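Please open the model in your viewer and keep the selection box ready. This tour goes stop by stop, saying what to select and what is there.

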Amino acid sequence: MNYLSRLPYKDSNFEDVKIHYGKLKAVALKSNASAFVTSGKITIFTIEPPEGEKRNEIELSSPSAEIKNSTTKTIFFVLNDSFLIPEKDTDIVFEVIKGVKPSLSWILAI
């Protein structure tokens with residue numbers, strides 16, 4: 001995650017979202033903001049004390065999903081086979097919340 005936080009990000013067409021194009025297509029999502037993505041592989045990086053950095057791998061088969069940052073810090077994720085899209089109504093929401101570890105229900109977002 002330190003690597004992702006040091007990448008040179010550029011403003012995107014989406015509010016509170018910066019993107020890095022390079023070997024990785026990395027996204028920096030500001031606190032209390034959302035980004036919308038297409039189906040594909042997404043890796044969200046979180047810090048989970050005492051373990052430290054954790055990769056949360058998501059294989060999204062739905063046409064779109066919302067990644068919601070409900071923390072007070074910028075979060076970083078990598079779009080492997082996915083793309084950012086304009087805001088879209090979707091039932092799939094992956095929310096990162098301070099103090100809440102990802103679980104099966106978080107990953108499935110049912």
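## Start on strand β3

Select Ala28: it stands opposite Phe76 in β6. The model you are looking at is predicted.

Now widen the selection to the strands themselves. β3 and β6 run antiparallel and are joined by 4 bridges. On to β2: 5 bridges join β2 to β3, and this pair also runs antiparallel. Look for Val17, which stands opposite Leu29 in β3. Then trace the hairpin that joins β2 to β3 through 3 residues.

Is β3 enclosed or open? Colour it by accessibility: 5 of the 5 residues of β3 are buried, so β3 is largely enclosed by the rest of the structure. Next, show its side chains. Lys25, Val27 and Leu29 point one way from β3. Ala26 and Ala28 point the other way. All of them are buried, the lysine included.

## The largest nonpolar core

Select Leu29, Val37, Ile42, Ile44, Ile67, Phe77 and Leu84. These residues have the most contacts inside the largest nonpolar core, which has 19 residues. Which strands feed this core? At least two residues come from each of β2 (17-21), β3 (25-29), β4 (33-48), β5 (52-69), β6 (75-79) and β8 (93-96). The largest share is that of β4, with 5 residues. In soluble globular proteins, nonpolar side chains tend to be buried together.

Zoom in on Leu84. What does Leu84 contact beyond its neighbours within four places in sequence? Show Phe14, Val17, Ile19 and Val27, which are among its contacts. Then add Ala35, Phe36, Val37 and Leu79 to complete the set.

Apart from the largest core lies another one, of 8 residues. Among its members are Leu7, Tyr9, Ala28 and Val78. Ala28 is the residue where the tour began, opposite Phe76.

## One aromatic pair

How many aromatic pairs are there? The count comes to 1. Select Tyr9 and Phe76 to see this tilted pair. The ring centres are 5.9 Å apart, with 40° between the planes.

Now follow the chain from one ring to the other. Tyr9 sits in the loop between α1 (2-5) and β1 (10-11), while Phe76 is in strand β6. They are 67 residues apart, and the pair links distant parts of the chain. Tyr9 and Phe76 are both buried.

## His20 and its surroundings

Select His20, in strand β2. Is His20 buried or exposed? Its relative accessible area is 12%, and under 20% counts as buried, so His20 is buried.

Show what His20 touches, skipping residues up to four places away in sequence: Leu7, Pro8, Tyr9, Lys25 and Ala26. Tyr9 here is the aromatic partner of Phe76. Stay with Pro8. The C-alpha atoms of His20 and Pro8 are separated by 6.3 Å, though the two residues are 12 apart along the chain. The side chain of His20 reaches the backbone oxygen of Pro8 at 3.1 Å.

## A loop stop at Thr90

Go to Thr90, in the loop between β7 (84-85) and β8. Its side chain reaches the backbone nitrogen of Ile92 at 3.2 Å. Leaving aside neighbours within four places in sequence, Thr90 is in contact with Phe36, Ser64, Ala65 and Glu66. Phe36 also appeared among the contacts of Leu84.

## Two positive phi angles

Most residues other than glycine have a negative phi. Here are two to check against that.

Select Asp16, in the loop between β1 and β2. Its phi is near 70°, a positive value. Asp16 is partly exposed, with a relative accessible area of 28%.

Select Asn32 next, in the loop between β3 and β4. Asn32 has a positive phi of about 55°. With 60% relative accessibility, Asn32 counts as exposed.

## Last stop: the salt bridge

How many salt bridges are there? The count comes to 1. Select Lys18 and Asp11, whose side chains meet at 2.9 Å, N to O. Lys18 counts as partly exposed, at 30% relative accessibility. Asp11 counts as exposed, at 61%.

Definitions and conventions. Residues numbered from 1 in each chain as written. Predicted model: local features only at pLDDT ≥ 70, side-chain atom pairs only at ≥ 80, totals over all residues. Heavy atoms only, no water. Core = buried A, V, L, I, M, F, W, Y, C linked by side-chain atoms within 4.5 Å. Buried < 20%, exposed > 50% of the residue type's maximum accessible area, 1.4 Å probe, protein only. Contact = heavy atoms within 4.5 Å. Phe/Tyr/Trp six-rings, centres within 6.5 Å; stacked < 30°, edge-to-face > 60°. Polar contact = N/O pair within 3.5 Å; in protein donor to acceptor, adjacent residues only side chain to side chain. Pairing = 2+ DSSP bridges. Salt bridge = Lys/Arg side-chain N within 4 Å of Asp/Glu carboxyl O.
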